[in-house]
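Me: I am new to this structure and would like to learn how to read it. Could you take me through some features, one at a time?

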Amino acid sequence: MSRSDKFEDQYEGTFSEPTYDEIKRLSIDNPNFLKYYKSHREKVAISSWHINEYESFAMWQIFTQNSEGLAIQSTIGRLQECLLPEKNFTQHIGEVNYIDYKKEYIPFDDMFFPFLFKRKSFQYEREVRILTDVTGHNLKLNDGLKINVDINVLIDKIYIHPKSENWYKNLVIQLVKELGFDFTIEKSDLESDILI
């Protein structure tokens, strides 16, 4: 899981303008209120998942390099169940809402709400997130957080990059087998032969 303030989008875990204005008003008599929200981003770790019925060409383009990369297929139910072995940190799962940060309000009665809202320009991500707050653990997150998951529950299927070479697919199959797993592995069909 990655620390929320280390994401490429500088707005991760921040508030929209209308919400920020209200928080500023509320913190006039209590400046620590605003300070807490600013520093809270350093205490939240996020695991991001794309939710879709189909593969996304955009996701392959943005999040992989060269033609080497994998996509893990799972479900919300599997995400929830695979987290059961984690006893050190409480996990929360939520779908991201995409809003206009200049006009729309983000509720702040839950500490996770700022992490479940993003600017509309990111709505292609169609994101579901696993969130962990380590505030009560006296722990400093550097870049991220390692949590316990049941990988056999998490992974339904592994897809290999649509433009990958056969040697890459064979390598993935070999590594998965050597690690003792039996996942279904398929090459993405986004680059399958055209039928003309």
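Reply: We will go through the sheet, the pockets and then two single residues. This is a predicted model, in which local features need pLDDT of at least 70 and side-chain atom pairs count only at pLDDT 80 or more, while totals for chains, interfaces and linings use all residues. Residues are numbered from 1 along each chain as its sequence is written, and side-chain values use heavy atoms, with hydrogens and water left out.

Me: Let's start with the sheet. In what order do the four strands of the open sheet stand?

Reply: Strands of a sheet pair through backbone hydrogen bonds, either parallel or antiparallel. Helices (H or I, at least four residues) and strands (E, at least two) are DSSP runs, numbered from the N terminus, and two strands pair if DSSP finds at least two bridges between them. Here the order is β1-β2-β7-β4, with antiparallel pairing. β1 (2–3) and β4 (91–95) are at the edges with a single partner strand each, so one side of each has no neighbour in the sheet.

Me: Over how many bridges does β7 pair with β2, and over how many with β4?

Reply: β2 and β7 are joined over seven bridges, and β4 and β7 over five. Follow Ile130 in β7: Ser47 stands opposite Ile130, and so does Ile93. Further along the β4 pairing, Gln91 faces Thr132 in β7.

Me: Is β7 mostly covered or mostly open?

Reply: Burial is read from relative accessible area: buried means under 20%, exposed over 50%, and partly exposed in between (1.4 Å probe, protein chains only). β7 is mostly covered, with six of its seven residues buried.

Me: What is the volume of the largest pocket, and which residues lie nearest its centre?

Reply: On a 1 Å grid over the protein atoms alone, a pocket is an open set of points with protein on both sides within 12 Å along at least five of seven lines, and lining residues have an atom within 4 Å of a point. Grid points are joined across faces, edges and corners, and the volume is the space filled by probe spheres set on the points. The largest pocket has about 1,300 Å³. Its lining has 38 residues, with Ser48, Trp49, His50, Met59 and Ile72 nearest the centre. β2 gives the largest share of that lining, five residues.

Me: How does the lining of the largest pocket divide by class?

Reply: Ala, Val, Leu, Ile, Met, Phe, Trp, Tyr, Cys and Pro count as nonpolar, Asp, Glu, Lys and Arg as charged, and the others, Gly among them, as polar. The lining has 19 nonpolar, 10 polar and nine charged residues. The second largest pocket holds about 170 Å³, and helix α2 (residues 31–40) supplies the largest share of its lining, three residues.

Me: Now a single residue. Is His161 buried or exposed?

Reply: His161 sits in the loop between β8 (157–160) and α6 (166–178), and it counts as buried because its relative accessibility is 3%. A polar contact is a pair of N or O atoms within 3.5 Å; within protein, one must be able to donate a hydrogen and the other to accept it, and residues adjacent in sequence count only if both atoms are side-chain atoms. The side chain of His161 makes one with the side chain of Thr64 (3.2 Å).

Me: And how far apart are Pro18 and Tyr105?

Reply: Pro18, in helix α1 (residues 17–26), is 87 residues from Tyr105 in sequence, yet 5.6 Å from Tyr105 in space, C-alpha to C-alpha.

How values were computed. 1 Å grid on protein atoms, 1.4 Å probe; cavity = no way out; pocket = protein on both sides within 12 Å on 5 of 7 lines; lining within 4 Å.
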